[in-house]
Amino acid sequence: MLNAQPRVVLVTGASGFLGKHLVKQLVQEGRRVRALCRTSTLHLEKLGVEVVCGDVCAPESCHQALDGVSEVFHLAGRVSPKVEDGPDMYRLHVEGTRTLLSVASQMNDAPRFVVVSTSGTIAVSRREDEISNEDCAYRTDTVSKWPYYLSKIYQEQTAFQLAEELGLEVIVVNPSLLLGPGDDRGSSTGIVEKIVRGRMPFIPKGGGVAFVDARDAADGTILAMKHGKSGKRYLLSASNMTLEAFMGRLARLAEVPSPRTIAGQVAFKRATKVLDGVFRRFELEPPIDYQSVEMAEHTWYVDASLAASQLGWKARAAQETLADTVRDMQRRHGLGRFK
């Protein structure tokens, strides 16, 4: 008797930074992978991934993509600091999630979901010593001016609510800042590129960051599908660092001058706001934008011990991730030793 064909795994957002690493790992595990993308890519074709071209917000696209699927990794998203991009991010993160889950609930054998969010929905604080875990409440008031993080809060709430109403198995994973090789679009490692190019001459004093290697975040996402408890979230992060230490390490690895820290938040923010307006008026990217300064005043520290204990997840050393990120950035842009 022939063995039954393994059921299909669906990945949305497969062409993104995290999505590429996730798909590669799934293929290496021998899984049959299908991707729901707006357009096909050579990267996916080379891996033998079946591509369904469509929109995650369109029910007909979701019906086609979900046919015969046992597991769904929902990564589709957009990262932007611009307020004007808020409606598009809400549509993709919230309405896309609502559509995908609603269509899945109509299947005879509904798939299990892992929805990828961000640690910034709960792990952001004005306190320098606060390290957040999965029990923390949503930081809606804190991120109210930052449309990306606000839309991800609404996405999580929508996913958990629909899971309960529709009887679906849904797990959420919350990676911190994604670093490592392969961020071709610069959606996550843009700050690293500015450091490597020497375009970050100064930074505000205070604040702290948390980060994780995208390769490890992909591994944690797969482990969440295998071992995670429905209705729960899992934070994925490797290291917490002050902003000054983080920028300094990147600068040393890139062999460029470290940014100077400047005290006096009020004056710094005023100057940044003026520069931001001038640069954007001429359609140029400012060295540091006003929203980034506001975010840099906070600490984004993460306690990822739950993922370690319940999922068996482990992250690589922070220095390896930082070094690989800088080398990949230099190689792709012909900078530093790769000139």
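In the predicted model, helix α4 comprises 19 residues (residues 86–104), for which a rise of 1.5 Å a residue gives an expected span of 27 Å; the end C-alpha atoms of α4 lie 26 Å apart, in agreement with that expectation. The helix nevertheless contains a kink of about 30 degrees, which is centred on Glu-95. Residues that are buried in α4 include Leu-92, His-93 and Val-94, which precede the centre of the kink, and Gly-96 and Thr-97, which follow Glu-95. Also among the buried residues of this helix are Gly-86, Met-89, Thr-99, Leu-100, Leu-101, Val-103 and Ala-104. The packing partners of the buried residues of α4 are the strands β1 (8–12), β4 (69–74), β5 and β6 (170–175), together with the helices α3 (59–66) and α5.

Helix α5 also contributes to the aromatic contacts, of which a search of the whole structure finds six pairs. The rings of Trp-146 and Trp-300 are classed as stacked because their centres are 5.7 Å apart and their planes meet at 25 degrees. This pair links distant parts of the chain, since Trp-146 lies in the loop between β5 (112–116) and α5 (147–166), whereas Trp-300, 154 residues away, lies in the loop between α10 (290–296) and α11 (305–311). Both tryptophans, Trp-146 and Trp-300, are buried. Trp-300 additionally forms an aromatic pair with Tyr-149, and this pair is tilted, with 5.2 Å from centre to centre and 45 degrees between the planes. Because Tyr-149 belongs to helix α5 and Trp-300 to the loop between α10 and α11, the pair ties together parts that are 151 residues apart in sequence. Tyr-149, like Trp-300, is buried. Through ring pairs, Trp-146, Tyr-148, Tyr-149 and Trp-300 are joined into a cluster.

In a regular strand, side chains alternate between the two faces of the sheet. Strand β11 (residues 239–242) shows such an alternation, with Ser-239 and Met-241 pointing to one face, where they are buried, and Asn-240 and Thr-242 pointing to the other, where they are not. Strand β9 (residues 208–213) runs antiparallel to β11 and is joined to it by four bridges. Asn-240 of β11 is the bridge partner of Ala-210.

A further local feature concerns the backbone at Glu-255, which has a positive phi of about 60 degrees although this residue is not a glycine. Glu-255 is located in the loop between α8 (243–254) and β12 (260–262), and with a relative accessible area of 68% the residue is exposed.

Technical notes. Residues are numbered from 1 along each chain as its sequence is written. This is a predicted model: local features need pLDDT of at least 70, side-chain atom pairs count only at pLDDT 80 or more; totals for chains, interfaces and linings use all residues. Side-chain values use heavy atoms; hydrogens and water are left out. Helices (H or I, at least four residues) and strands (E, at least two) are DSSP runs, numbered from the N terminus. Buried means under 20% relative accessible area, exposed over 50%, partly exposed in between (1.4 Å probe, protein chains only). Rings of Phe, Tyr and Trp (its six-membered ring) pair if their centres lie within 6.5 Å; planes under 30 degrees apart count as stacked, over 60 as edge-to-face and the rest as tilted. Two strands pair if DSSP finds at least two bridges between them. The expected span of a helix is 1.5 Å times one less than its number of residues. The bend at a residue is the angle between axes fitted to the seven residues ending there and the seven starting there. Contact means heavy atoms within 4.5 Å.
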